[in-house]
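Trainee: I would like a close look at one part of this model, with the rest of the chain as background. Please take it step by step.

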Amino acid sequence: MSPQFSTTNVPAGIEPATSLDPRLEGLMRIAQAAETATTLEQLLHRSLIELCQLCQADRAFVLLLDASGRTTLACTHPSPDDAPALTLDSLAGAMDVLQMRHPMVIHTETTQGERDAALLRACGVQTMIVAPLIASDEALGVLAVGSAYAARVFGAEDVAFIRALSSQMALAIASFRSRDAAERRTQELKTLNDIAATITSTLDTREVYRLVVQQLSDYFHVEAGSLLLLDESTGDLEFVMTIEGGEEKLAGIRVPAGQGVVGHVVRTRQWEIVHDVACDPRFYRKISETTGFPTRSILCVPMIAKGRVIGAIELLNKIGGDFDEEEALRLMRMAAFIAVAIENARLFQQVAAGRDRMASILHSTADGILMADMRGEIQLANPPAVRICACSEETLIGRRIDDVVAELQARAHEVSTPAWGQNVSTPVQISDLALTDGVHRYVRLLRLPVYDAQSEPRGELLILRDITQERELEQLREDYTSMLVHDLRAPLTSIMNGIMMLQRGIVGPVSEQQQELLKIAYQGCQTMLHLINTLLDISKLERGQMTLDLKPLPIFSVIDQAIERLQHLASSCHVTIEQRLAPYLPPVEIDGDKIVRVLQNLLDNAIKFSPTQSVVTIGAFLSGGSSAPPEDAPVHVPIIGKEHLVVWVQDRGPGIPPAYFQRIFEKFGQVRGRKVRGTGLGLTFCRLAVEAHGGRIWVESVEGSGSVFAFALPVKRDN
């Protein structure tokens, strides 16, 4: 007949019936052991030995709950070598005491319940006391002591003793755990401090990665550790450092986006523990197969810096145990610090690399460069700027940029009037200086604002460009052109006079065919003479020697003259010229001949570059002052202050690339790749003639949609 089992709950507060002196001495010895023991295992082992002796018991054990709530067999007496081994499944019934939170006595003859019976059988005892281990109202585990003899009955005295001992052991366990947690935290901080010292002591990111992985591998006692960084362009994770057995491996190997446990961690931004990779379908086996490294378990956490995942840390094969939640949380804390430190190190390296590249550019460029902050104080000066300013870099740094410009202008014996670059998104102030410091040279000053990535102003840039060679070549070209023009003009005039005499028959009769040939020759000479006169006019305008015959003239009469001169060309090209003049335009004080030539050049270009059966439009309106341009004006008028008369010519041709907007107004400047080509002087004459009137000229164009040339002339009204 099987024994009957029952469970007896012993109420709290029972006083022992006999003297507790021996047991008090035992409690004192256990307390002393708590003070002298160096590890929790040592304390538990001594306590269980003492407990078995005092209670005349044959078996005792302690079950503890870890940080994640899992049960572990912390200590047993006798040891598994001297008694049947205990398993967590067989001891599950002992954990029921935590719900009651007071001791429980189990005996084979008076107890019922399969879990209790299984517990007694597993421990090989007939009777047992199970007590909860509670400290600061936190359940830490259970303490159990049992006897193999059914005659041994645990009474109230035993229960009271076990209660006192369990309380004392619970406090000691809590103390050991607090000390262990403090030591782990201290070690964690030391590791972080070592990592921080590593990162700040070197600019070599590879060395930073190596030392970080080595520190983590040593701290967590693993066989291998890896650091992976996210490639934001592809989503792949790249192994930047792996240390296995003290050797670096896998550098440059990639894990495709979303693959493996590490891909899952980066995607979810949560840590992950895999105790057995063979049972986890997420495991990316290709890396292990390539390296031959046997991966058994993984602890992987994301690296998050400033709310952005930059990579992951992966630890493989815990030595002497399994990864647990506490280690995962600890690695998460460390990864947060490491991520920020690595990101800062990478940014610092990028800034340093950018600074070095900038320094190389500044030192290698032939232009002098001065950069000032928002207060106008110079923060940067390169060697060419130092040479041009004739002072040391230390002297320039901190000076006001306006003072440096004023000093350069004071040294110059010739200063051109500052001008503003046209048709550019950033206004550029340009002026030329002629300096004589032992060697005569020309320097062009270009001042322009500096903006950051958000288009916010951050300072000012002054470029000092040595244009001496450019000026000398320009002067040589001008001298040669002037000489050539003057030398060509006289013989060309003689040729034209000779052709005219032949046409009149002074030297004899001329046939009709001969007349046609002489006419062609004369027209060619006229074209060449016009080119020579244009060159002479440009030269005079550049030197300021052109005299203007200024008279108040109605603009419509000037436009009519220009159209009349080009009507034949327009008809032959099947192009229509139309006018769009605003009403009530006032007279403007101009040199009529010069402005007619300006319009003639603009119309001539518009006709030549327009397709057949198209329209060339010429118009005029007032702008500035109290006048506003019409809403349908095809050209945007820049801010010009006082009232101006704006004249514009629009074609439907191929358009002009923005890169040529300024170049075409320079001498011999033309758009490359065009079938129709001119001399490259017409627009130069237009610019100089308009500027001589105190106006300005510009172009607006979209490739494939035609161009609009416009110029503005100041209007003087009688008060």
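How many bridges join strand β24 to strand β25, and do the two run parallel or antiparallel?

Mentor: This is a predicted model, and the part you ask about can be read from the pair outwards. Strand β24, residues 615–623, is joined to strand β25, residues 644–650, by 7 bridges, and the two strands run antiparallel. Within this pair, Phe621 stands opposite Val646 of β25.

The pair belongs to an open sheet of 5 strands, ordered β22-β24-β25-β27-β26, with mixed pairing. The edges are taken by β22 (576–581) and β26 (696–701); each has a single partner strand, so one side of each is left without a neighbour in the sheet. On average, neighbouring strands of this sheet are turned by 15 degrees against each other, direction ignored.

A helix also belongs in the picture. Helix α15, covering residues 555–572, lies across β22, β24 and β25. Its direction makes an angle of about 170 degrees with that of β22.

Next, the confidence of the prediction. Strand β25 has the highest confidence in the chain, with a mean of 93, whereas strand β1 (residues 6–9) has the lowest, with a mean of 41. Residues 1–20 have pLDDT below 50, and in the model this stretch makes 45 contacts beyond near neighbours in sequence. For the chain, the mean pLDDT is 81, and 89% of the residues reach 70 or more.

As background, the chain contains 17 helices and 27 strands. It has 719 residues, of which 44% count as buried. About 37400 Å² of the chain is exposed, and carbon and sulfur atoms supply 53% of that area. If contacts in the chain are taken between residues at least 6 apart in sequence, 60% of them join residues at least 24 apart.

For a single residue in another strand, take Leu299, which is found in β12 (residues 298–305). Leu299 has a relative accessible area of 0%, and it counts as buried because that value is under 20%. Leaving out residues up to four places away in sequence, Leu299 touches Glu272, Ile273, Ile313, Glu314, Leu315, Phe323, Glu327, Ala328 and Leu331. One of these, Ile313, is 14 residues from Leu299 along the chain, and the C-alpha atoms of the two are separated by 8.3 Å.

Technical notes. Residues numbered from 1 in each chain as written. Predicted model: local features only at pLDDT ≥ 70, side-chain atom pairs only at ≥ 80, totals over all residues. Heavy atoms only, no water. Helix = DSSP H or I, 4+ residues; strand = E, 2+ residues; numbered from the N terminus. Buried < 20%, exposed > 50% of the residue type's maximum accessible area, 1.4 Å probe, protein only. Contact = heavy atoms within 4.5 Å. Areas by Shrake-Rupley, 256 points an atom, 1.4 Å probe, with all protein chains shown as cover. Pairing = 2+ DSSP bridges. Axes fitted to C-alpha atoms, helices over the stretch in contact; angles between N-to-C directions. pLDDT = per-residue confidence, 0-100.
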